[in-house]
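Welcome, and thanks for having the viewer open. Let's walk through this model together, one selection at a time.

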Amino acid sequence: MTRLTGSALRVTIFIGENDTWHHKPLYAEIVHRARAAGLAGASVFRGIEGFGASSLIHTSRLLSLSEDLPVVIFLVDDEERVRAFLPQLDELVVEGLVILDDCEVVRYVGRDAESGKTGREGKK
């Protein structure tokens with residue numbers, strides 16, 4: 001399990017829900033590559049409304065159904081690992097926005113893969 005505390009970088013990637021990579025959702029490809037690269041974490045969130053460089057508004061409102069809602073992917077790890085991963089994002093993200101933010105990790109605890117217990121369980 002990756003250990004991460006203190007200074008880190010957060011990558012935020014803004015893409016469209018319909019963006020694909022080899023007929024698979026682009027967000028899934030990014031998450032799987034981030035895991036394969038050993039990054040500490042990745043999460044994908046689906047937006048309800050937004051616009052990007054094209055200024056076309058994508059929304060989930062009933063009267064103006066959009067099939068290409070905004071998707072945001074967050075990746076977090078230390079600076080060295082994040083910067084090593086950026087060339088893969090250059091390859092994958094042909095439309096969208098990728099930003100980097102300095103952040104501080106104050107707590108990063110996962111489950112034990114074998115027991116399913118968190119780091120908190122079993123402590124007194």
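Before we start, one term: a helix here is a DSSP run of H or I that is at least four residues long, and helices are numbered from the N terminus. Keep in mind, too, that this is a predicted model.

**Stop 1: helix H2.** Select residues 79-92, which make up helix H2. Now show the side chains of Glu79 and Arg83, which meet in a salt bridge at 2.8 Å, N to O. Because Glu79 and Arg83 sit four residues apart in H2, about one helical turn separates them. How exposed are the two partners? Glu79 is partly exposed, with a relative accessible area of 44%, and Arg83 is partly exposed as well, at 42%.

**Stop 2: helix H1.** Next, select residues 26-36, helix H1, and pick out Glu29 and Arg33, which are four residues apart, about one turn of the helix. Their side chains also form a salt bridge, 2.8 Å from N to O. Are these two buried or exposed? Glu29 counts as buried, at 12% relative accessibility, and Arg33 counts as buried at 17%; the cut-off for buried is under 20%.

Keep Glu29 and Arg33 on screen and add Lys24 and Glu91: the four are linked in a network of salt bridges.

**Stop 3: a link between a loop and a strand.** Select Glu17 and Arg46, whose side chains meet in a salt bridge of 2.8 Å, N to O. Glu17 lies in the loop between E1 and strand E2 (20-21), while Arg46 belongs to strand E4 (residues 41-46), so this pair ties together parts that are 29 residues apart in sequence. Colour by accessibility if you can: Glu17 is partly exposed at 23%, whereas Arg46 is exposed at 56%. The three pairs on this tour are Glu79 and Arg83, Glu29 and Arg33, and Glu17 and Arg46; the whole structure has seven salt bridges.

**Stop 4: the largest pocket.** Finish by turning to the largest pocket, which holds about 410 Å³ of space. It has 17 lining residues, and those closest to its centre are Ile15, Gly16, Phe51, Gly52 and Gly96, so select these five.

Then show strand E1 (6-16) and strand E7 (70-77), the elements that each give two or more residues to the lining. E1 provides the largest share, three residues. What classes of residue line this pocket? The lining has eight nonpolar, six polar and three charged residues.

Definitions and conventions. Residues are numbered from 1 along each chain as its sequence is written. This is a predicted model: local features need pLDDT of at least 70, side-chain atom pairs count only at pLDDT 80 or more; totals for chains, interfaces and linings use all residues. Side-chain values use heavy atoms; hydrogens and water are left out. On a 1 Å grid over the protein atoms alone, a cavity is a set of points where a 1.4 Å probe fits but cannot get out, and a pocket is an open set with protein on both sides within 12 Å along at least five of seven lines; lining residues have an atom within 4 Å of a point. Grid points are joined across faces, edges and corners, and a volume is the space filled by probe spheres set on the points. Ala, Val, Leu, Ile, Met, Phe, Trp, Tyr, Cys and Pro count as nonpolar, Asp, Glu, Lys and Arg as charged, and the others, Gly among them, as polar. Buried means under 20% relative accessible area, exposed over 50%, partly exposed in between (1.4 Å probe, protein chains only).
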